[in-house]
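User: I would like a close look at one helix of this model and then at how it sits within the rest of the chain. Please give the cut-offs behind each term as you go.

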Amino acid sequence: MPSNPDQPFAGETRVPRTAREEVLCGLFEQVLERPRVGVEDDFFDLGGHSLLATWLLGRIRAVFGVEIGIRDFFDASSVAGVAELLDSGAAEKRAPLQAMARPELLPLSYAQQRLWFLRELEEDAAVYNEVVAVRLRGELDEGALRAALEDVVGRHESLRTVFPAVDGVPWQQVVPVTGEPLVPLEVRECAEGEVSGLVDATVARAFDLARELPLRASLFRTAPQEHVFLLVVHHIACDGWSMGPLLRDLAAAYGARGATGEAPAWPVELPVQYGDYALWQREVLGEEDDPGSLMERQIAFWRDRLSGLPEELALPTDRPRPAVATFAGDTVDLAIPADVHAGLVGLARECGATLFMVLRAGWAVLLSRLGAGNDIPVGTVVAGR
């Protein structure tokens, strides 16, 4: 099969023979954004990686009501392999994610719980603010933009959720839609040279998660038809995956408001909200003090796996580690020659791994040679992996 995702399916592998294979081919095609996927085609040969694999397994879970482990998928990373896992009963049955009755106090998901704790730990930090800045040229309907923001916040509960604490335990409190503005659009007249500083200052403002909605919108006008639109969302309500649907919904709502003045007719009503996911997650994982629960088994696994790791790596740094994190990071551009990239991709394919896994292994080897030892903890963003 060609490895270029822009090349069409060439028909080297067989077409689906069962309804299950046909559905799985469709899921592979959606995630990989390819016009056709054959039953024997390997997910990673077609450009897939571990992040896309997690997305695919989530869709398989939603459609078939089963959980396939990422390691099992690496060993059977084709439609045929996944179908065999489903047919053999090796995939674990899971309760379907659906709208659920809300308790008086709605718990956080475990990801939200971590982010809430980090916000409490670093009260003034804005390191978990997700940012989108867009330069807009031409006529701008400010009223339509304000209304579109309200449309999107009304559609997605996570964007209108605050997190007050009761006896030190945070809960989700969804703010109802009453017709009153929930997200004010801050409009500033400024010179072009001031935009960068104003954006930085807005992004650097921390959210008060107990009282403030986790969404902030600003519009900087540098000329009658020149604007910079800034959207800041706390990570407790948004991530890299959800930013895409958020912006698509905002664009659709702005188009509808600008064209007719009416709210958009969404093509699909949301069958579940994030609060439903938080309840489903706790139902699936069970309680930590239950010896038979999935939660207890997972915690026991990681407690054993991480036992004895050093608190920090002894590396020859060029300056002392600060007592308190400053978050004063930076980026360094690095150009990797095409032949080196091709060699890395080939090594990954040969080892049945992803490019990320190869680079991660190389990074660990480098740290070891710099004196970090042989048991090396490295933190990376996981994005649902």
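Analyst: What follows takes helix α1 as its centre and then moves outward to the salt bridges and other parts of the chain.

This is a predicted model, in which local features need pLDDT of at least 70 and side-chain atom pairs count only at pLDDT 80 or more, while totals for chains, interfaces and linings use all residues. Residues are numbered from 1 along each chain as its sequence is written, and side-chain values use heavy atoms, with hydrogens and water left out.

The chain has 12 helices and 10 strands, where helices (H or I, at least four residues) and strands (E, at least two) are DSSP runs numbered from the N terminus. Helix α1 takes in residues 19-32, 14 residues in total, and reaches 20 Å from its first C-alpha to its last, close to the 20 Å expected at 1.5 Å a residue; the expected span is 1.5 Å times one less than the number of residues in the helix.

Within α1, the residues E21, L24, C25, L27, F28, V31 and L32 are buried. They cover an arc of only 165 degrees around the axis, which puts them on the same side of α1; the arc is that of the directions from the helix axis to the C-beta atoms. Here buried means under 20% relative accessible area, exposed over 50%, and partly exposed in between, with a 1.4 Å probe and protein chains only. As background, an α-helix has 3.6 residues a turn, so residues three or four places apart point the same way. The face of α1 turned away from the buried side carries the exposed residues A19 and E22.

The cover over the buried residues of α1 includes α2 (50-64), α3 (70-75) and α4 (79-88), with contact meaning heavy atoms within 4.5 Å. After α1 comes E33, whose phi is positive, near 55 degrees.

The loop between α1 and α2 holds one end of a salt bridge. The side chains of D45 and R349 meet there at 2.9 Å, N to O, a salt bridge being a side-chain nitrogen of Lys or Arg within 4 Å of a carboxyl oxygen of Asp or Glu. This pair links distant parts of the chain, since D45 is in the loop between α1 and α2 whereas R349 is in helix α11 (residues 338-351), 304 residues apart. Both ends are partly exposed, R349 with a relative accessible area of 42% and D45 with one of 30%. In general, side chains of opposite charge can pair when their charged atoms come close.

A search of the whole structure finds 17 salt bridges. One of them joins R135 and E192, with the closest N and O atoms 2.9 Å apart, and this pair too links distant parts of the chain, with R135 in strand β3 (residues 129-137) and E192 in the loop between β8 (185-189) and α7, 57 residues apart. R135 counts as partly exposed at 35% relative accessibility, and E192 is partly exposed at 42%. In another salt bridge, the closest N and O atoms of D208 and R211 are 3.1 Å apart; D208 is partly exposed at 30%, whereas R211 is exposed at 68%. Elsewhere, E142, R146, E189 and R221 are linked in a network of salt bridges.

Two further helices supply buried residues. V153, found in helix α6 (residues 142-155), is buried with a relative accessible area of 0%, and, leaving aside its neighbours within four places in sequence, V153 is in contact with L159, R160, L182, V183 and L215. T202 lies in helix α7 (residues 195-203) and counts as buried at 7% relative accessibility; apart from its neighbours within four places in sequence, T202 is in contact with R216, S218, F220, L230 and V232.

For the chain as a whole, 35% of the 385 residues count as buried. Among contacts between residues at least 6 apart in sequence, 67% join residues at least 24 apart. The C-alpha trace spans about 55 × 55 × 50 Å along its principal axes.
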